[in-house]
Amino acid sequence: MPDSMTEQLQQDMECEGLLECFHGLKQLDKECFQALVNAGDPLTVDEIAETVDRERSTAYRSVQRLLQTGFIQKEQINYDQGGYYHVYRPTDPSKIASEMQRMLNDWYAKMGQLIGEFEQKYENEAESPPQAGS
């Protein structure tokens with residue numbers, strides 16, 4: 001991932017790059033998300049792990065990151081004889097997009113505020129004469 005905004009703007013990005021850009025997700029997280037999208041039906045962690053060819057514990061950590069960011073949803077399935085298991089499905093893309101748009105708007109407002117503070121601080125310093133003995 002590029003370090004500066006200039007480098008980011010010059011880089012060829014795909015829409016999946018938003019997962020990394022907005023949420024710091026890793027390549028495996030993107031693979032797990034894609035596995036859920038491609039599956040069509042909800043998957044267990046074991047099924048996700050098999051699809052991305054990783055250990056269950058590794059896939060579970062990725063699933064937890066995706067849950068935390070809201071990219072996937074968890075559903076509990078109860079056995080008739082007692083007990084349960086969880087399955088995961090991707091969140092509605094329009095919901096994810098709306099959340100990313102909200103984050104972008106918040107970021108834009110914060111950057112605008114910081115730019116204004118920068119301008120005010122350095123304008124004031126440029127206008128004040130140097131102090132004697134400094």
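Aspartate 53 is exposed, with a relative accessible area of 68%, and a good place to look for this residue in the predicted model is the loop between α4 and α5, where aspartate 53 lies. The backbone of aspartate 53 also deserves attention, for its phi is near 55°, which is a positive value in a residue other than glycine. The helices on either side of this loop will be taken up below, after a view of the whole chain.

The protein has 134 residues, of which 22% count as buried. Its elements comprise 6 helices and 2 strands, and if the reader follows the chain from the N terminus on, these elements run in the order α-α-α-α-α-β-β-α. When contacts with a separation of 6 or more are considered, 45% of those in the protein are accounted for by residues 24 or more positions apart.

We can now turn to the helices next to the loop of aspartate 53, beginning with how α4 and α5 pack against each other. Their axes are 8 Å apart and the packing angle is about 105°; angles of 65 to 115 degrees count as roughly perpendicular, and therefore α4 and α5 are described as roughly perpendicular to each other. On the side of α4 the contact is made by Val45, Asp46, Ile48 and Ala49, while on the side of α5 it is made by Arg56, Ala59, Tyr60 and Val63. Sorted by class, this contact of α4 with α5 has 6 nonpolar and 2 charged residues, with no polar ones.

One of the residues in that contact, aspartate 46, can be examined on its own. Aspartate 46 lies in helix α4, and with a relative accessible area of 44% it is partly exposed. In sequence, aspartate 46 and alanine 59 are 13 residues apart, and in space they are 8.0 Å apart, taken from C-alpha to C-alpha.

Helix α4 also meets helix α3. Helix α3 covers residues 27-39 and helix α4 covers residues 45-52, and their axes come within 10 Å and cross at roughly 110°, so that α3 and α4 are likewise roughly perpendicular to each other. The crossing of these two helices is right-handed. From α3 the contact involves Leu28, Glu31, Cys32, Ala35 and Leu36, and from α4 it involves Ile48, Thr51 and Val52. By class, the residues in the contact of α3 with α4 are 6 nonpolar, 1 polar and 1 charged.

The remaining pairing to follow among these helices is that of α3 with α5, whose axes are 9 Å apart and which pack at an angle of about 80°; this makes α3 roughly perpendicular to α5. Here α3 contributes Leu28, Asp29, Cys32 and Phe33, and α5 contributes Thr58, Ser62, Arg65 and Leu66. The contact of α3 with α5 has, by class, 4 nonpolar, 2 polar and 2 charged residues.

Serine 62 shows what this packing looks like from a single position. Serine 62 is found in helix α5, which spans residues 56-69, and because its relative accessibility is 0%, serine 62 counts as buried. If its neighbours within four places in sequence are left aside, serine 62 is in contact with Leu28, Asp29 and Cys32. A second position to consider is lysine 30, which lies in helix α3 and which, at 16% relative accessibility, also counts as buried, since buried means under 20% relative accessible area. Lysine 30 and leucine 66 are 36 residues apart in sequence, yet their C-alpha atoms are 8.8 Å apart in space.

The last part of this tour concerns the two strands. Strand β1 covers residues 72-78 and strand β2 covers residues 84-90; the two run antiparallel and are joined by 7 bridges. Together β1 and β2 form a hairpin with 5 residues between them, and in the turn glycine 82 has a positive phi of about 105°. The pairing can be traced through individual residues, for asparagine 78 stands opposite tyrosine 84 in β2, and glutamine 73 stands opposite arginine 89 in β2. When looking along such strands, it helps to remember that in a regular strand the side chains alternate between the two faces of the sheet.

Definitions and conventions: Residues are numbered from 1 along each chain as its sequence is written. This is a predicted model: local features need pLDDT of at least 70, side-chain atom pairs count only at pLDDT 80 or more; totals for chains, interfaces and linings use all residues. Side-chain values use heavy atoms; hydrogens and water are left out. Axes are lines fitted to C-alpha atoms, for helices over the stretch in contact, and angles run from 0 to 180 degrees between N-to-C directions. Helices (H or I, at least four residues) and strands (E, at least two) are DSSP runs, numbered from the N terminus. Angles under 35 degrees count as roughly parallel, over 145 as roughly antiparallel, 65 to 115 as roughly perpendicular and the rest as oblique. A crossing is left-handed if the near helix is turned anticlockwise from the far one by less than a right angle, and right-handed if clockwise. Contact means heavy atoms within 4.5 Å. Ala, Val, Leu, Ile, Met, Phe, Trp, Tyr, Cys and Pro count as nonpolar, Asp, Glu, Lys and Arg as charged, and the others, Gly among them, as polar. Two strands pair if DSSP finds at least two bridges between them. Buried means under 20% relative accessible area, exposed over 50%, partly exposed in between (1.4 Å probe, protein chains only).
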